[in-house]
Amino acid sequence: MGNQEIGAQDKTTGLEKEIQTDFQKDMSYGDYLHLDQILSSQHRLSNHHDEMLFIIIHQTSELWMKLILHELNAAIQCILRNDLEPSFKMLSRVSRIQQQLIQSWNVLTTLTPAEYMQFRDKLGHSSGFQSYQNRLIEFALGQKNSHTLAVYKHQANLFESLTKSLQEPSIYDAAISALAANGLPIDDEVLIRDWSQSYEPNLSVEEAWLTVYRNTDKYWDLYELAEKLLDIGNQQQLWRFNHMSTVERIIGHKQGTGGSSGVPYLKRVLDQQFFSELLSLRTKL
């Protein structure tokens, strides 16, 4: 075929001649993405127009969370090997995904209280509090709470997976191990601890991070890692804040469908910071 024919249109169809149109034996875009399954998974329990918005916002959020976990778990393994550089791309991607999740709340705010009340009762006791992927993200970021597992006891495989994640080091535990691997003194009680417990601030860790920030040329990779983690921690807090403010805008201070206090609960969660020493060291620099 001559170069002059590349991109030429079929006069009958108006399509470029090289465009594939026969997928009887080939995989199409929809086949690859399993769009038949994805796009047929929105089942409204009411006849209200806006329930479709509510379902799609939460389904797409879960897809983004799946990608966050894919990146976080890979980054943790890199950091545990003290192979920091590949983790930076993964952590940057997590931060960008978090921005997508934060913006999704802005779309949901187009749902007014009067509209939501038309189908809220159809949700029963289902609630975002039960999102196991959000729970896995919190575990990966270092906020562990074994009591939350009770929600998942009715699903044995899921309960087992969450229990396993609870008992594994978080990305901050991995970062602290990287501090020690690079010769910075860390208390043994931090390096060998019960990973199922939420991390508690430690002076040796803060001093190690201070050394990194005071000697960025020497510890550039650790410094870069710290800033990537802080980005993720800040984005997670912004996501929580937008979640809380969206809930307050739509249902006020009503009890959550899953039984939580709703807005008061979400406000208390905002007090739980990530990577505490990365914040506290700034006062001492």
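What percentage of the 285 residues in the protein chain is buried? Buried residues make up 41% of them, where buried means under 20% relative accessible area, exposed over 50% and partly exposed in between, with a 1.4 Å probe and protein chains only. The model is predicted: local features need pLDDT of at least 70, side-chain atom pairs count only at pLDDT 80 or more, and totals for chains, interfaces and linings use all residues. Residues are numbered from 1 along each chain as its sequence is written, and side-chain values use heavy atoms, with hydrogens and water left out.

The protein chain has 13 helices and zero strands; helices (H or I, at least four residues) and strands (E, at least two) are DSSP runs numbered from the N terminus. The C-alpha atoms fill a box of roughly 75 × 60 × 35 Å along the principal axes. Of the contacts (heavy atoms within 4.5 Å) between residues at least 6 apart in sequence, 68% join residues at least 24 apart.

Helix α12 spans residues 263-270, and Val263, Leu266, Val269 and Leu270 are buried in it. Seen down the axis of α12, its buried residues fall within an arc of 115 degrees, so they line one face of the helix; the arc is that of the directions from the helix axis to the C-beta atoms. The cover over these buried residues includes α11.

Helix α11 covers residues 220-251 and contains Arg240. Arg240 counts as buried because its relative accessibility is 4%. Leaving aside residues up to four places away in sequence, Arg240 touches Glu138, Gln143, Val269, Leu270, Gln272 and Phe274. Two of the buried residues of α12, Val269 and Leu270, are thus among its neighbours. The side chain of Arg240 also makes a polar contact of 2.7 Å with that of Gln143 and one of 3.0 Å with that of Gln237. A polar contact is a pair of N or O atoms within 3.5 Å; within protein, one must be able to donate a hydrogen and the other to accept it, and residues adjacent in sequence count only if both atoms are side-chain atoms.

At the surface, the protein chain exposes about 16600 Å², of which carbon and sulfur atoms supply 51%; accessible areas come from the Shrake-Rupley method with a 1.4 Å probe, and for residues only the protein chains shown count as cover. Tyr29, in helix α1 (residues 29-33), counts as exposed because its relative accessibility is 64%.
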